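Trainee: I've just opened this one and don't know my way around yet. Can we walk through it together?

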Amino acid sequence: MHGNLPGLHDLYDTAEKRLVAALYQLESQNPMEPHNFAADEQLRDGTQLHIRAIRPDDKQALVDLFERLSPQTIYYRFHGVKKSLSRDELVYLTELDFHRRAALVAVLHIDGEDQIVGVGRYASAPNAPQHRAEVALTVEDAHQGRGIGSLLLKHLMQVARAEGITELDAFVLAENRHMLRLFERTGLVLQRSAAAGACHLVMTTDTPPSASALSPGGRHPAP
Ligand SMILES: CC(C)(COP(=O)(O)OP(=O)(O)OC[C@H]1O[C@@H](n2cnc3c(N)ncnc32)[C@H](O)[C@@H]1OP(=O)(O)O)[C@@H](O)C(=O)NCCC(=O)NCCS
């Protein structure tokens with residue numbers, strides 16, 4: 001008698017799938033969701049900069065960016081020599097949950113095309129406390145010193161804060177003065193320690209970085 005009727009399990013299954021699809025659609029329409037994050041900024045020279053959440057289809061643009069980086073920038077970013085990004089690394093770097101791992105890209109319109117010139121990301125190790133993640137930034141050599149790294153960090157901290165990440169760890173080679181200065185300039189460094197040629201900084205995301213501290217022409221806060 002019940003042969004043609006769907007079982008309770010099937011009904012639940014269909015309802016659940018519909019609910020998940022509806023929630024996904026709702027989320028992807030909500031511009032406040034971190035994986036839809038987008039902001040427009042102006043550099044101190046007047047150039048327009050677009051900052052947005054990284055997407056899975058950014059893999060080729062990341063390869064292109066990597067190929068434009070100098071050996072020194074690669075060394076500072078990866079703390080070692082690195083010749084290329086593997087397929088697995090590209091998946092890891094672009095397919096993110098935007099909760100435990102998130103990344104923003106900085107996009108400039110160059111010669112009629114959008115080009116990714118910088119990336120800021122945070123990632124929380126599987127065994128790390130829920131509120132903690134490691135942060136890293138990269139800006140293409142040709143565009144360093146224009147304020148792009150500061151803007152990426154400002155927005156990344158907002159995303160982290162919204163996702164409950166209240167502390168960011170950064171491991172910076174001791175000779176990487178630009179990166180250390182940029183982090184210090186936030187005024188949000190809670191702890192510093194040094195070991196084996198690297199500095200470990202812990203920053204809070206709890207207080208929004210002051211607009212002037214991280215703006216392209218921002219002032220250095222008092223130590
Ligand atoms: C560190 C880094 C992300 C900073 O990004 P950025 O866009 O150059 O930084 P900003 O322009 O916002 O400013 C940072 C400061 O460093 C200066 N600066 C950064 N790179 C510079 C360069 N190549 N030449 C001269 N000045 C530079 C800026 O003028 C600015 O100085 P100020 O504080 O006196 O104004 C970028 O230099 C980079 O990608 N470095 C290599 C990778 C790296 O070190 N990653 C860190 C891993 S944790």
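**Finding our way around**

Trainee: Let's start simple: how many helices and strands does the protein have?
Mentor: Keep in mind that this is a predicted model. Following the chain, you read the pattern α-β-β-α-α-α-β-β-β-α-β-α-β-β. Count up the secondary structure and you get six helices and eight strands.

Trainee: What share of the 223 residues is buried?
Mentor: To count as buried, a residue needs 20 or more other C-beta atoms within 10 Å of its own. Among the 223 residues of the protein, the buried share is 28%.

Trainee: In what order do the strands line up in the sheet?
Mentor: The sheet is open, has eight strands and shows mixed pairing. Strand S1 (38-42) and strand S7 (189-195) each have a single partner strand, so they stand at the edges with one side lacking a neighbour. On average, neighbouring strands here are turned by 25 degrees against each other, direction ignored. Put together, the order is S1-S2-S3-S4-S5-S6-S8-S7.

Trainee: Which residue in S3 stands opposite Ile 51?
Mentor: Strands of a sheet pair through backbone hydrogen bonds, either parallel or antiparallel. In our case, strand S2 (residues 48-53) and strand S3 (residues 101-110) pair in the antiparallel sense, over four bridges. Opposite Ile 51, in S3, you'll find Ala 106.

Trainee: Now the ligand. Which element gives the largest share of the shell around it?
Mentor: The ligand is surrounded by 22 residues, and the closest are Tyr 76, Gln 144, Gly 145, Gly 149 and Ser 150. Helix H3 (71-78), strand S5 (132-139), helix H5 (148-162), S6 and H6 are the elements that give two or more residues. The largest share is five residues, and it comes from H6.

Trainee: How many residues of that shell are charged?
Mentor: Split the shell around the ligand by residue type: nine are nonpolar and nine are polar. The charged ones number four.

Trainee: Is Asn 176 buried, exposed or partly exposed?
Mentor: Look in the loop between strand S6 (167-173) and helix H6 (177-185) to find Asn 176. Asn 176 has 17 other C-beta atoms within 10 Å, while buried takes 20 or more and exposed takes 12 or fewer. That count falls in between, so Asn 176 is partly exposed.

Trainee: What is the distance in space between Asn 176 and Tyr 76?
Mentor: Along the sequence, Asn 176 and Tyr 76 are 100 residues apart. In space, going C-alpha to C-alpha, the distance is 6.9 Å.

Conventions
Residues are numbered from 1 along each chain as its sequence is written. This is a predicted model: local features need pLDDT of at least 70, side-chain atom pairs count only at pLDDT 80 or more; totals for chains, interfaces and linings use all residues. A residue is near a molecule or strand if its C-beta atom, placed from the backbone, lies within 6 Å of it. Ala, Val, Leu, Ile, Met, Phe, Trp, Tyr, Cys and Pro count as nonpolar, Asp, Glu, Lys and Arg as charged, and the others, Gly among them, as polar. Two strands pair if DSSP finds at least two bridges between them. Axes are lines fitted to C-alpha atoms, for helices over the stretch in contact, and angles run from 0 to 180 degrees between N-to-C directions.
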